[in-house]
Amino acid sequence: MNFVALRMLNGDRAKYFGLVFAIAFCTFLLENQTSIFANIMRRTGSQILDVTDAEVWVMDPKTEYFDQTKALKDTDLTRVRGVNGVGWAVRLFKGNPVARTSSGRFAASFIIGLDDATLAGAPRKMLLGSWERLREPDSVVIDQAGYVLLFPKEPLRLDRTLEMNDHLVRIVGISDASPPFQSLPVMHTRYSEAVNFVGKERTQLSFIIVRPAPGVSPKELTARIEKATGLRARTTKEFEWDCIRYYLKNTGIPVNFGITIGVALVVGTVVAGQTFYLFTVDNLKQFGALKAIGVTNLRLTGMILLQASSAGALGFAIGTGLAASFFEVMLHKLATRHIVLMWQCVGITAACILFVVIVASVLSIRRVLVLEPAAVFQG
Amino acid sequence: MTTNSQAVQCHDVTKHYGEGDTRIDALRGVDFSARFGELSFLVGPSGCGKTTLLCVIAGLLDRSGGDLTVLGETLDDLSDSDRVLFRRRNLGFVFQQYNLLPALTAAENVAVPLLAADIPRKEALDRAKSLLVRLGLEKRVASFPSKMSGGQQQRVALARALIHEPRIVVCDEPTAALDHATGEAVMELLASNAVQPDRAVIVVTHDSRVFHHAHSIARMDDGRIVEVTRPNGSFVPAGVDESELLHKEAV
């Protein structure tokens with residue numbers, strides 16, 4: 001009877017396409033909105049994730065997220081290095097200078113000062129140039145989006161100059177650094193240079209990044225550092241989540257996205273569920289005839305489940321395909337670079353669609369099971 | 001208790017819907033029997049209880065009282081699932097509105113009772129096609145119901161009712177949606193193909209133009225059988241058990 005169930009399902013093309021489209025639309029909306037939201041939230045900690053060399057971040061005890069820093073003392077670096085279990089520890093500077101081009105165009109920027117000796121903390125993907133050239137005086141590596149923002153409609157080219165805090169700096173590399181939450185140009189330079197590109201403060205040390213010694217877990221090391229220095233130490237993952245939590249708690253982004261996702265969830269699931277339920281109701285006469293002929297309730301239940309699951313699976317596949325295509329296109333746009341369809345969002349959406357399919361199936365099955373086969377004789 | 005020649009026997013069968021002020025008595029003590037090898041007609045005005053009686057006989061509705069034996073079985077003794085299996089094995093249905101599945105071809109529709117009985121799809125379709133050929137629908141085997149006339153659809157429905165060789169075929173107003181000529185053709189087909197020595201065919205109709213096909217006609221009014229006539233002119237008055245008369249005739 002499986003083939004009868006499937007033929008009943010796709011026999012009426014208009015209803016069938018309506019049902020599949022409703023599920024596909026719901027899938028697309030949910031995957032799209034949840035992924036964009038998750039990716040935007042991830043951007044709040046993107047510069048943390050770009051630092052792949054270190055696994056522990058040390059900061060002022062009151063620091064809550066990456067963009068909020070209070071400079072540490074230079075001696076703090078020595079204290080951290082003295083903690084048992086530290087493989088190496090280097091300083092990291094974060095500042096927000098204004099970069100100007102020779103044509104007068106300017107943009108607030110995000111500058112990361114890397115340890116002069118090791119350049120530890122630099123994102124590894126370069127589009128043009130080399131990290132090693134950062135050892136040249138007054139040099140920076142800028143991300144592609146920042147370059148395009150400062151030099152619009154011009155080809156990527158090295159050795160162009162920028163002015164920051166009365167310093168003329170040369171672009172020696174173009175990177176594919178992860179976009180920050182505020183979509184500012186991201187520049188990397190040496191620590192000793194970076195502190196000159198922003199207004200001078202008495203202390204400049206934003207973060208200390210640490211690599212644990214072999215055999216010491218990052219989590220264990222954070223506890224040791226906090227105990228020994230009184231500073232705040234977080235693993236990379238913990239610090240990323242600190243940033244995400246801060247933005248979730250202190251901005252309107254989750255509410256706005258939450259409303260959109262909620263509407264997508266309610267509208268999508270209600271439309272998809274109701275379409276399938278109405279499909280069953282429209283076919284009640286046929287189910288009644290099958291009951292009269294001698295098709296058991298168990299078999300009818302199986303038929304409805306097969307119809308719901310196949311429509312759900314097809315709709316979900318189409319919706320996921322559409323969402324994947326959308327993100328593939330977005331991935332190649334500078335403004336939305338690094339925004340991808342996250343597998344977790346696909347999983348959550350799959351669970352939602354499964355829930356809709358189950359609810360619609362249960363309602364439909366109930367309707368069919370309580371149907372008196374004698375009803376089929378009523379005109 | 002049914003005699004060997006009787007497929008269905010009802011005695012004092014009642015059926016009511018609702019209780020108290022809303023109670024409706026659809027059957028008020030029906031005595032009715034259907035014999036193997038015969039076309040038994042249930043006739044009467046709309047709302048007289050014909051279709052309700054048909055549903056009770058087919059095990060689609062529970063009766064409220066009286067005795068009912070179908071193929072020697074008292075359906076009350078069967079569980080719900082056994083009753084479904086009983087219907088699947090022993091009964092064929094022809095509905096007024098055909099009730100063919102619009103998404104299936106004629107052959108696939110006819111094969112449904114076999115598929116429900118877990119007969120392999122290919123075998124079921126082969127058997128369905130041969131039956132459709134026998135019923136003169138060889139050109140419509142792969143047609144969908146929407147592409148067929150009412151008469152053709154009813155012939156397909158008839159094939160669906162016969163494909164699993166049931167011992168009882170119940171037909172609810174099979175000619176009601178057809179013009180006279182088409183209805184007559186369908187009844188001809190029913191009489192020539194459905195009626196078998198080991199099968200009883202019960203037809204509910206109020207189409208008097210097809211009464212000449214009947215072996216017996218039970219006339220209903222207000223939930224009761226008021227008379228039973230047979231083509232040989234015998235007449236069974238209301239309240240008399242026709243099976244007793246038949247038994248006397250046989251003796």
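Modeller: Before we start, pLDDT is the predictor's confidence in each residue, from 0 to 100. Keep in mind that this is a predicted model.

Biologist: Thanks! What is the mean pLDDT of chain B?
Modeller: Happy to help. In chain B, 90% of the residues reach a pLDDT of 70 or more. The mean over the chain is 85.

Biologist: And where in chain B is the pLDDT below 50, with three contacts beyond near neighbours in sequence?
Modeller: Residues 235–240 of chain B fall below 50, but that stretch has 12 contacts beyond near neighbours in sequence. Where pLDDT is low, the predicted coordinates should not be read in detail. The stretch with three such contacts, also below 50, is residues 245–251 of chain B.

Biologist: Good to know. Which strands of the open sheet in chain B stand at the edges?
Modeller: The sheet has three strands with antiparallel pairing, in the order S2-S1-S4. An edge strand has a single partner, so one of its sides is left without a neighbour in the sheet. That describes S2 (24–35) and S4 (65–70) of chain B.

Biologist: How many bridges join S1 to S2 in chain B?
Modeller: These two strands run antiparallel, S1 covering residues 6–17. Within the pair, Thr14(B) stands opposite Arg28(B) of S2(B). The number of bridges joining S1(B) to S2(B) is nine.

Biologist: Lovely. Which helix lies across S1, S2 and S4 of chain B?
Modeller: The strands beneath our question twist by an average of 15° from one to the next. The helix spans residues 50–57 of chain B and runs at about 60° to S2(B). Its name is H1.

Definitions and conventions
Residues numbered from 1 in each chain as written. Chains lettered and ligands numbered in written order. Predicted model: local features only at pLDDT ≥ 70, side-chain atom pairs only at ≥ 80, totals over all residues. Contact = placed C-beta atoms within 7 Å. Pairing = 2+ DSSP bridges. Helix = DSSP H or I, 4+ residues; strand = E, 2+ residues; numbered from the N terminus. Axes fitted to C-alpha atoms, helices over the stretch in contact; angles between N-to-C directions.
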